[in-house]
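Visitor: I would like to take a close look at a single part of this structure and to follow it outward into its surroundings. Please take your time over the answer.

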Amino acid sequence: MFMLAYLIRPKNRKTSAGDSMNSFIKVLSNSDTLADLTAKQDPTPQVAVIGTLFDLEFASHIVIFKGKILTCENLIEAVDIPYKSFYVFQMEFPVASYGAYQFLAYGVFNMKSIVPVLSSVKSLKSYVF
């Protein structure tokens with residue numbers, strides 16, 4: 001999951017690999033930094049995990065949306081909730097993680113796209129499926 005944002009980042013914008021990954025899934029070292037994220041009042045849902053990226057051991061998986069925290073059972077559920085929220089609330093995907101969310105829409109859920117599908121998304125879909 002972490003690699004999706006790294007592999008499929010927008011080429012036309014200067015977005016670093018780290019920014020793309022943080023936009024898709026934010027890794028927090030401990031729960032003390034949750035106060036910072038909930039105070040920010042970001043208009044888009046944000047997936048966050050508490051733990052370390054080194055060993056991929058996470059104590060919890062959460063979704064933060066408009067200052068509210070939703071605890072999830074696993075990372076798949078935590079990514080699924082924001083993805084579906086973008087459609088329910090008719091929001092655009094974040095620019096930095098646009099490719100990762102487009103891959104979920106086009107590659108995993110087989111949705112028809114009303115905007116051109118990124119070539120990297122098509123390539124990854126043909127490789128994976």
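Visitor: What covers the buried residues of H5?

Guide: The model is a predicted one, and the description below should be read with that in mind. The cover over the buried residues of H5 includes H1, H2, S2, H4 and H6. Helix H5 spans residues 98-108, and eight of its 11 residues are buried, which leaves the helix mostly covered. The buried residues of H5 are Gly 99, Ala 100, Tyr 101, Gln 102, Phe 103, Leu 104, Ala 105 and Gly 107. Just after H5, Asn 110 takes a positive phi of about 50 degrees.

Tyr 101 is a good place to begin. Setting aside its neighbours within four places in sequence, Tyr 101 is in contact with Phe 24, Val 47, Pro 82, Tyr 83, Phe 86, Phe 93 and Pro 94. Tyr 101 is also, along with Leu 4, Phe 24 and Ile 25, one of the residues with the most contacts inside the largest nonpolar core, which has 26 residues. The elements that give two or more residues to this core are helix H1 (2-7), H2, S2, S3, H4, H5 and helix H6 (119-128). Apart from this core lies another, of five residues, among them Leu 28, Ala 48, Ile 50 and Ile 64.

Aromatic residues recur around H5. The model has 10 aromatic pairs, and one aromatic cluster is formed by Phe 24, Tyr 83, Phe 86, Tyr 87, Phe 93, Tyr 98, Tyr 101 and Phe 109. Within that cluster, the ring centres of Tyr 83 and Phe 93 are 6.3 Å apart and their planes make 20 degrees, so this pair is stacked. The pair links distant parts of the chain, for Tyr 83 belongs to helix H4 (residues 75-88) whereas Phe 93 lies in the loop between H4 and H5, 10 residues apart. Tyr 83 counts as buried because its relative accessibility is 2%, and Phe 93, with a relative accessible area of 14%, is buried as well. Phe 93 also forms an aromatic pair with Tyr 87, and this one is edge-to-face, at 5.9 Å centre to centre and with 80 degrees between the planes. Tyr 87 has a relative accessible area of 38% and is therefore partly exposed. Another ring, that of Tyr 106, has Lys 125 over its face, at 4.5 Å from the ring centre.

The sheet comes next, since S2 is among the elements that cover H5. Four strands form an open sheet in the order S1-S2-S3-S4, with mixed pairing. Its edge strands are strand S1 (25-28) and strand S4 (68-72), each of which pairs on one side only. From one strand to the next the twist averages 30 degrees. Helix H2 (residues 17-24) packs on the sheet and touches S1 and S2, and its direction makes about 90 degrees with that of S1.

Strand S2 itself is largely enclosed by the rest of the structure, because six of its seven residues are buried. S1 and S2 run parallel and are joined by four bridges, and Lys 26 has Ala 48 in S2 as its bridge partner. On the pairing with S3, seven bridges join strand S2 (residues 46-52) to strand S3 (residues 57-65), and these two strands run antiparallel. Among the bridge partners in S3 are Ile 64 for Gln 46 and Ser 60 for Ile 50. Ala 48, Ile 50 and Ile 64 thus appear in these bridges, and they also belong to the core of five residues.

S2 and S3 form a hairpin with four residues between them, and in its turn Leu 56 has a positive phi of about 55 degrees. Leu 53 lies in the loop between S2 and S3 and, with a relative accessible area of 40%, is partly exposed. Leaving aside its neighbours within four places in sequence, Leu 53 is in contact with Phe 2, Met 21, Val 27 and Phe 58. Leu 53 and Lys 26 are 27 residues apart along the chain, and their C-alpha atoms are separated by 10.0 Å.

How values were computed. Residues numbered from 1 in each chain as written. Predicted model: local features only at pLDDT ≥ 70, side-chain atom pairs only at ≥ 80, totals over all residues. Heavy atoms only, no water. Pairing = 2+ DSSP bridges. Axes fitted to C-alpha atoms, helices over the stretch in contact; angles between N-to-C directions. Contact = heavy atoms within 4.5 Å. Phe/Tyr/Trp six-rings, centres within 6.5 Å; stacked < 30°, edge-to-face > 60°. Buried < 20%, exposed > 50% of the residue type's maximum accessible area, 1.4 Å probe, protein only. Lys NZ or Arg CZ within 6 Å of the ring centre and 35° of its normal. Core = buried A, V, L, I, M, F, W, Y, C linked by side-chain atoms within 4.5 Å.
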